2 protein chains.
Amino acid sequence: VQAVLAAELERQRPLVEQISPDLAGVADVVQDFLLNGGKRLRSAFCYWGWRGGGGADEDAAVRAAASLELVHACALIHDDVMDASDTRRGRPSVHRQFADLHVRSGWRGDAEGFGESAAILIGNLCLIWAGEMLVTSGLASDALLRAMPVYDAMRAEVMAGQYLDMLEQVSGGASVERALRVARYKSAKYTVERPLHLGAMLAGAGPDLIAALSGYGIPLGEAFQLRDDVLGVFGDPTETGKPAGDDLREGKRTVLIAAALEQATPEQSAVIDRLLGDPALDGDGVAELRGLLIETGALDATEQLIADLTKEALDAIAVAPVSDTARTVLVDLAASATSRRD
Amino acid sequence: VQAVLAAELERQRPLVEQISPDLAGVADVVQDFLLNGGKRLRSAFCYWGWRGGGGADEDAAVRAAASLELVHACALIHDDVMDASDTRRGRPSVHRQFADLHVRSGWRGDAEGFGESAAILIGNLCLIWAGEMLVTSGLASDALLRAMPVYDAMRAEVMAGQYLDMLEQVSGGASVERALRVARYKSAKYTVERPLHLGAMLAGAGPDLIAALSGYGIPLGEAFQLRDDVLGVFGDPTETGKPAGDDLREGKRTVLIAAALEQATPEQSAVIDRLLGDPALDGDGVAELRGLLIETGALDATEQLIADLTKEALDAIAVAPVSDTARTVLVDLAASATSRRD
């Protein structure tokens, strides 16, 4: 996956530089972003959906699967603009890099605005390049057209999920059920189920396999998002690549938070409401919120939910109509997606 | 075009509402944006590229052409975020509408940030729906796959052009040549040449027709952008749908401005540099800049360039290998794209 992504970006680079040498910086940033870090989960699920659907181990399938990393680059680059996150994978986020370039170059106008605008455009470019990489992957045209509806659904669902996520955040939603629905669209379908479906449809899978992959993909994807939520609060910044407590400062309405609010005493609720979403939250505030997430039992409940959902996924894949090779890898991927290490 | 866009949005609406009833507002905003206003130039050029390439008058081609209006909706919605424009087509821009919704709903957090994030996501959704509408237009799969490289180039070029545009703006570029290059990518290729190519490739056109369409499309598209630049400064706000002087307050480095700076005395240059890009520029400042654009001869020079480029386009289409019907419409479209009325 790393190699085919690197090759694809080397193919695009002269095309953009030919428009203007000023665009070399854009190609550098995309390359840097894409080739450093990331668990490559979406491309792995897509590739193993393909293999699960009877596809052979061939380069075209790897290219098609790897294109999902470009979709994801768009999602992350735009996400960092929307959340005003300065850090991604332990490095400055894309909008931050362009804001810094603006300052360093002594350009006129608003450096922050320039950085955000550049990141919006570069995110769009990644989304466009993703589609191009899929279509030029080398897979047969009937396979591509057959898989297009899944591809479109995947991309539309993640946008819808992100909007619902924002809506929960600003409206102060506090129900585990609603938080789980956001996790389903923003993450479970987008990260696990749809990549599996895409690969399987490319390989010509029938409805039985598609349904079986949903039985594995949806609960696993939800467990993945819950793990991400827990790491966002309790994770080690050197592993998550994000400063500790960022999710709390942003006021994200995760299942973990919703579970705490559902179980909290009125006094505990008041403290959570006061601290959550405070952009100036310091280390003590983060520690206080962590304490409340433990005391209310929210952390334990979320860990239990992760374990239950992961088991549901493993039970589903155990009986799914896929080869034993694919089954073994999908069991491993379930562990990797829900692991306590980011 | 209006009818097929309306039908497409009615098809998408239940799909998003099924994810969550909270998404009804998103479908409303896209519908409202797409069905009110816009000259439909890109879909017209695509359709007539198709007819020029020998395609018949059929619904599938109209649907494919209309999908470009969704690409353009993405560009405009993101553009308004990047330029912090509160108005589009005489109505609040999409990010403004969502910021207002945030205030009206009494939600927590930053209303402006919520509006911008919603607009980024909705722009992305339009880009995704555009691709879906093209692929499901009903055209044959070999035609679609043949045309994909043009579609990808078109979308990547507009992103690159917009980035170069920003770069000129912040670096205070002042060369007519550089401003024209921005106009070529941001606008000429995206608005005229590539839509024509897309239609022609869908119809199976050969390299001769593609080259002939470039001969018409590039100069016409440049003339279109120059007309837009002139209207942005001298146009009637009730016709442009944008407040007078917005382009001047944003400090856009158009060909018009570059021509003024190239011809200005040092005193005139200093005044332009001081006023251009001042977000607080008032009516007097706008009038002063307009005066300088006239005095330096920049307005006349730009009008002359528009006339020359339009003539070049008309000369090219006069001898292009297209049917007389297509030729007649393309001549009319050239007039419409460069007309002094928006």
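# Close-up views of a predicted two-chain model

**Figure 1. Surroundings of B:S67 in helix 4 of chain B.** Leaving aside residues up to four places away in sequence, B:S67 touches B:A130, B:M133 and B:L134, in a model that is predicted. The residue belongs to helix 4 of chain B, which covers residues 59-82, and B:S67 is buried there, with a relative accessible area of 0%.

**Figure 2. Chain A and chain B as two copies.** Chain A is superposed on chain B by a rotation of 180° with 0.0 Å of shift along the axis, and the RMSD of this superposition is 0.0 Å. The two copies are therefore related as by a two-fold rotation axis. The same surface serves both copies, since 100% of the contact residues of chain A recur in chain B.

**Figure 3. Chain A as a whole, as a setting for the close-ups.** Chain A contains 16 helices and 2 strands, and its C-alpha trace spans about 60 × 60 × 30 Å along the principal axes. For 342 residues a compact globule would have a radius of gyration near 20 Å, and the 21 Å of chain A agrees with this. Of these 342 residues, 62% count as buried. Among the contacts in chain A with a separation of 6 or more, 74% are made by residues 24 or more positions apart.

**Figure 4. The two faces of helix 13 of chain A.** Helix 13 of chain A runs over residues 266-275, and its buried residues are A:Q268, A:S269, A:V271, A:I272 and A:L275. Seen down the axis of the helix, these buried residues fall within an arc of 160°, so they line one face of helix 13. The face turned away from this buried side carries the exposed residues A:P266, A:E267 and A:R274. The buried residues of helix 13 pack against two other helices of chain A, namely helix 12 (255-263) and helix 14 (283-295). Just after helix 13, A:G277 takes a positive phi of about 85°.

**Figure 5. Aromatic pairs within chain A and between the chains.** Over all chains, the structure holds 11 aromatic pairs. One of them is formed by A:F45 and A:Y216, an edge-to-face pair with 6.4 Å from centre to centre and 65° between the planes. This pair links distant parts of the chain, with A:F45 in helix 3 (residues 41-52) and A:Y216 in helix 9 (residues 207-234) of chain A, 171 residues apart. A:F45 is buried, at a relative accessible area of 0%, and A:Y216 also counts as buried, at 0% relative accessibility. Another pair joins A:Y163 and B:F114, whose ring centres are 6.3 Å apart and whose planes stand at 45°, so this pair is tilted. The pair crosses between chains, from A:Y163 in helix 7 (residues 141-171) of chain A to B:F114 in helix 6 (residues 111-135) of chain B, and both A:Y163 and B:F114 are buried. Ring pairs also link A:F98, A:W107, A:F114 and B:Y163 into a cluster.

**Figure 6. A:R89 over the ring of A:F33.** The charged end of A:R89 sits over the ring of A:F33, at 4.9 Å from the centre of that ring. In chain B, B:R89 lies over the face of B:F33, likewise at 4.9 Å from the ring centre. A:R89 is placed in the loop between strand 1 (87-88) and strand 2 (91-92) of chain A, and this residue is partly exposed, with a relative accessible area of 25%. Although A:R89 is not a glycine, its phi is positive, at about 50°. Most residues other than glycine have a negative phi.

**Figure 7. B:R40 in a loop of chain B.** The loop that holds B:R40 lies between helix 2 (24-35) and helix 3 (41-52) of chain B. B:R40 has a positive phi of about 60°, although this residue is not a glycine. At 15% relative accessibility, B:R40 counts as buried, because the cut-off for a buried residue is under 20% relative accessible area.

**Figure 8. A:D324 in helix 16 of chain A.** A:D324 is found in helix 16 of chain A, which comprises residues 324-337, and A:D324 is exposed, with a relative accessible area of 55%. From C-alpha to C-alpha, A:D324 and A:P149 are 28 Å apart in space, while in sequence these two residues are 175 residues apart.

How values were computed. Residues are numbered from 1 along each chain as its sequence is written. Chains are lettered from A and ligands numbered from 1 in the order in which they are written. This is a predicted model: local features need pLDDT of at least 70, side-chain atom pairs count only at pLDDT 80 or more; totals for chains, interfaces and linings use all residues. Side-chain values use heavy atoms; hydrogens and water are left out. Buried means under 20% relative accessible area, exposed over 50%, partly exposed in between (1.4 Å probe, protein chains only). Helices (H or I, at least four residues) and strands (E, at least two) are DSSP runs, numbered from the N terminus. The arc is that of the directions from the helix axis to the C-beta atoms. Contact means heavy atoms within 4.5 Å. Copies are superposed by least squares on the C-alpha atoms of residues with pLDDT of at least 70 in both. Rings of Phe, Tyr and Trp (its six-membered ring) pair if their centres lie within 6.5 Å; planes under 30 degrees apart count as stacked, over 60 as edge-to-face and the rest as tilted. A charge sits over a ring if NZ of Lys or CZ of Arg is within 6 Å of the ring centre and within 35 degrees of the ring normal. The radius of gyration is taken over C-alpha atoms; the globule rule is 2.2 Å times the number of residues to the power 0.38.
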